[in-house]
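Me: I would like to go through this structure by question and answer, with the reasoning set out before each result. Where shall we begin?

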Amino acid sequence: MAETYDPRRTAVLLVDPYNDFLSEGGKVWPRLEPVAGSVGLLDHLRSVIAAARENGVRVVFVPHRRWEPGDYETWDHPTPSQRKIQEFHHFARGSWGGEFHPDFQPWPGEVVVQEHWGSSGFANTDLDMQLKQHGVTHVILVGVLANTCVEATARFAMELGYHVTLVSDATAALSPEMMHAAHELNGPTYAQAIVTTDRLVTAFNGSRGDSRTRPR
């Protein structure tokens with residue numbers, strides 16, 4: 001049975017589109033670039049976001065906590081990832097690296113949810129409330145990183161009862177092995193659909209004049 005997407009009930013969740021992740025000169029970009037380049041991450045993100053906006057699919061920004069002085073210093077048990085943020089000041093508030101990539105800026109009326117401290121964009125944020133208040137039942141995950149914040153947000157969405165779609169080439173990870181785990185091993189255990197950007201954009205564009213989009 002083919003998946004269907006009603007633009008009125010669907011949202012693209014754009015996870016962590018920071019300069020530190022996605023831009024030349026970003027702190028994490030050198031580690032991400034090999035995989036990002038191999039899948040065409042930036043062009044595919046541009047395509048997904050543009051097609052969503054053109055076809056009335058809501059775009060929701062799901063940002064990680066921007067580092068600030070003092071973060072995690074008094075915590076009992078920060079995660080290894082939080083320790084790295086504490087050490088290297090990834091996406092520091094007020095810094096260029098902590099700004100969204102220039103190609104991925106919110107449009108007027110688009111929701112930017114509260115920043116997540118861990119990996120899930122739902123935990124301790126207003127994401128679930130924002131989606132429910134806008135009638136969203138289907139979420140499409142893009143952004144970074146595939147095996148951490150994207151996966152954790154998608155898994156949490158499934159637990160909350162959302163229909164989950166992963167876009168395999170509109171995300172990236174720090175190694176091919178991490179990408180393989182995210183989409184070939186873990187994704188099929190919780191996501192209702194795993195598609196490519198081309199398939200998703202075709203579905204979005206095919207929704208004009210219809211209330212639903214259908215990936216092929």
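Me: Which residue lies over the face of Phe100, and at what distance from the ring centre?
Reply: This is a predicted model, so the distance is a computed one. Phe100 belongs to a cluster in which ring pairs also link Tyr18, Phe21, Phe61 and Phe91. The residue over the face of the Phe100 ring is Arg66, and its distance from the ring centre is 5.2 Å.

Me: How many aromatic pairs are found in the whole structure, and what is the geometry of the one that Tyr18 and Phe91 form?
Reply: The search of the whole structure gives nine aromatic pairs. For Tyr18 and Phe91 the centre-to-centre distance is 4.9 Å and the planes are 20 degrees apart. Since planes under 30 degrees apart count as stacked, the geometry of this pair is stacked.

Me: Which parts of the chain does that pair link, and how many residues apart are Tyr18 and Phe91?
Reply: Tyr18 is in the loop between strand E1 (10-15) and helix H1 (19-22), while Phe91 is in the loop between helix H4 (80-88) and strand E3 (111-112). Tyr18 is buried at 0% relative accessibility, and Phe91 is buried at 2%. The pair thus links distant parts of the chain, and the separation is 73 residues.

Me: Are the rings of Tyr72 and Trp75 stacked or edge-to-face?
Reply: Their centres are 4.9 Å apart and their planes stand at 80 degrees. Tyr72 is buried, with a relative accessible area of 1%, whereas Trp75 is partly exposed at 36%. Because planes over 60 degrees apart count as edge-to-face, the pair of Tyr72 and Trp75 is edge-to-face.

Me: What is the strand order of the open sheet, and which are its edge strands?
Reply: The sheet has six strands with parallel pairing, in the order E3-E2-E1-E4-E5-E6. An edge strand pairs on one side only, and the strands for which this holds are E3 and E6.

Me: How many bridges join E1 to E2, and how many join E2 and E3?
Reply: E1 and E2 run parallel and are joined by five bridges, with Ala11 standing opposite Arg58 in E2. E2 and E3 are also paired in the parallel sense, and the bridge partner of Phe61 in E3 is Val112. The counts are therefore five for E1 with E2 and two for E2 with E3.

Me: Why is strand E2 described as largely enclosed?
Reply: Strand E2 spans residues 58-62, which makes five residues to consider. Buried means under 20% relative accessible area. The strand is largely enclosed by the rest of the structure because the number of its residues that are buried is four of the five.

Me: Which helix lies across E1, E4 and E5, and at about what angle does it run to E4?
Reply: E4 and E5 pair in the parallel sense over six bridges, and His138 stands opposite His163 in E5. Helix H7 (residues 176-186) packs on the sheet, touching E5 and E6, with its direction at about 155 degrees to that of E5. The helix across E1, E4 and E5 is H6 (residues 146-159), and its angle to E4 is about 170 degrees.

Me: What arc do the buried residues of H8 cover around the axis?
Reply: In helix H8 (residues 197-205), the buried residues are Thr197, Leu200, Val201, Ala203 and Phe204. They pack against E1, helix H3 (41-54), strand E4 (138-144), strand E5 (163-172) and strand E6 (193-195). Among the buried residues of H8 named above, the directions from the axis put them on the same side of the helix, because the arc is only 160 degrees.

Me: Where is the cis peptide bond, and what is its omega?
Reply: One of the two residues concerned, Leu145, lies in the loop between E4 and H6. The cis bond joins Val144 and Leu145, with omega at about -10 degrees.

Me: Asp16 and Asn124 each have a positive phi; which is buried and which is exposed?
Reply: Asp16, in the loop between E1 and H1, has a phi of about 55 degrees although it is not a glycine. Asn124, in the loop between E3 and helix H5 (127-133), has a phi of about 60 degrees and is likewise not a glycine. With a relative accessibility of 0%, the buried residue is Asp16, and with a relative accessible area of 74%, the exposed residue is Asn124.

Conventions
Residues are numbered from 1 along each chain as its sequence is written. This is a predicted model: local features need pLDDT of at least 70, side-chain atom pairs count only at pLDDT 80 or more; totals for chains, interfaces and linings use all residues. Side-chain values use heavy atoms; hydrogens and water are left out. Rings of Phe, Tyr and Trp (its six-membered ring) pair if their centres lie within 6.5 Å; planes under 30 degrees apart count as stacked, over 60 as edge-to-face and the rest as tilted. Buried means under 20% relative accessible area, exposed over 50%, partly exposed in between (1.4 Å probe, protein chains only). A charge sits over a ring if NZ of Lys or CZ of Arg is within 6 Å of the ring centre and within 35 degrees of the ring normal. The arc is that of the directions from the helix axis to the C-beta atoms. Contact means heavy atoms within 4.5 Å. Two strands pair if DSSP finds at least two bridges between them. Axes are lines fitted to C-alpha atoms, for helices over the stretch in contact, and angles run from 0 to 180 degrees between N-to-C directions.
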